[in-house]
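Visitor: I'm new to this kind of picture. Please walk me through it, and tell me how each label is earned.

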Amino acid sequence: QAQLVESGGGLVQAGGSLRLSCAASGRTFSSYTMGWFRQAPGKEREFVSAISWSGAGTYYADSVKGRFTISRDNAKNTVVLQMNSLKPEDTAVYYCSPSFTGGGRWSGTYWGQGTQVTVSS
């Protein structure tokens, strides 16, 4: 059974950094565009970043552009989100998912448990 496991979240002060990892098991996601999404309390899940299957294409929400970097290692079936200059508004549960874009928005297709990121001011 396919499984996505996110890790690397935690509590950090504003301006700090975290490195999130998404490990896939049960099947390979190397041929899929993979994305990171986040959901803050009381808000809808929103797109953060995505990376094409080859890694050649990367995409970011305006709110994280210049601060977050997405990468992937298909041999290890992992996707990484490096988050720098964190802000309190980045506080959310972060999820990775095979993703696609249509109608001007990104959507995920398969969800793990997520990892909590909390940024204190």
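**Labels and what earns them**

Guide: Let's start at Gly66, which sits in the loop between strand E6 (58–60) and E7. By the way, this is a predicted model, in which local features need pLDDT of at least 70 and side-chain atom pairs count only at pLDDT 80 or more, while totals for chains, interfaces and linings use all residues. Residues are numbered from 1 along each chain as its sequence is written, and side-chain values use heavy atoms, with hydrogens and water left out.

Visitor: Which is Gly66, buried or exposed, and how do you know?

Guide: Buried means under 20% relative accessible area, exposed means over 50%, and partly exposed is in between (1.4 Å probe, protein chains only). Gly66 has a relative accessible area of 80%, so Gly66 is exposed. The C-alpha atom of Gly66 is 8.8 Å from that of Asn84, with their places 18 residues apart along the chain.

Visitor: What makes something a strand, and how many does the chain have?

Guide: Helices and strands are DSSP runs numbered from the N terminus: a helix is H or I over at least four residues, and a strand is E over at least two. By that rule, the chain has 11 strands and zero helices. Read from the N terminus on, the elements go β-β-β-β-β-β-β-β-β-β-β.

Visitor: How do you know whether the radius of gyration agrees with a compact globule?

Guide: The radius is taken over C-alpha atoms, and the globule rule is 2.2 Å times the number of residues to the power 0.38. For 121 residues that gives a value near 14 Å; the chain has 13 Å, so the two agree. The C-alpha atoms fill a box of roughly 40 × 30 × 25 Å along the principal axes. As for burial, 42% of the 121 residues count as buried.

Visitor: What makes a group of residues a nonpolar core, and which ones have the most contacts inside the largest?

Guide: A core is a set of buried Ala, Val, Leu, Ile, Met, Phe, Trp, Tyr and Cys residues joined through side-chain atoms within 4.5 Å. The largest has 30 residues, and those with the most contacts inside it are Trp36, Phe68, Leu81, Met83 and Tyr94. Among the elements giving this core two or more residues are strand E3 (18–25), strand E7 (68–73) and strand E9 (92–102).

Visitor: What is Tyr94 in contact with?

Guide: Contact means heavy atoms within 4.5 Å. Leaving aside neighbours within four places in sequence, the contacts of Tyr94 include Trp36, Phe68, Leu81 and Met83, as well as Glu6 and Gly114.

Visitor: Why is Asp90 called buried or exposed?

Guide: Asp90 lies in the loop between E8 and E9. Its relative accessibility is 0%, so Asp90 counts as buried. Beyond four places in sequence, Asp90 is in contact with Arg38, Arg67, Phe68, Ser85, Val117 and Val119.

Visitor: Ser85 is on that list. What is special about its phi?

Guide: Most residues other than glycine have a negative phi. Ser85 has a phi near 50°, a positive value in a residue other than glycine. Ser85 is in the loop between E8 and E9, and at 40% relative accessibility it counts as partly exposed. Asn77 also has a positive phi, near 55°; this residue lies in the loop between E7 and E8. With a relative accessible area of 16%, Asn77 is buried.

Visitor: Val119 was on the list too. How do you know if Val119 is buried or exposed?

Guide: Val119 is in strand E11, and its 5% relative accessibility makes it buried. Beyond four places in sequence, the contacts of Val119 include Val12, Leu86, Pro88 and Asp90. Val119 and Gly103, 16 residues apart in sequence, are 32 Å apart in space, C-alpha to C-alpha.

Visitor: And Gln116, where is that, and what makes it buried, partly exposed or exposed?

Guide: Gln116 has its place in strand E11. Its relative accessible area is 40%, so Gln116 is partly exposed. Leaving aside neighbours within four places, Gln116 is in contact with Gly9, Gly10, Thr91, Ala92 and Val93.
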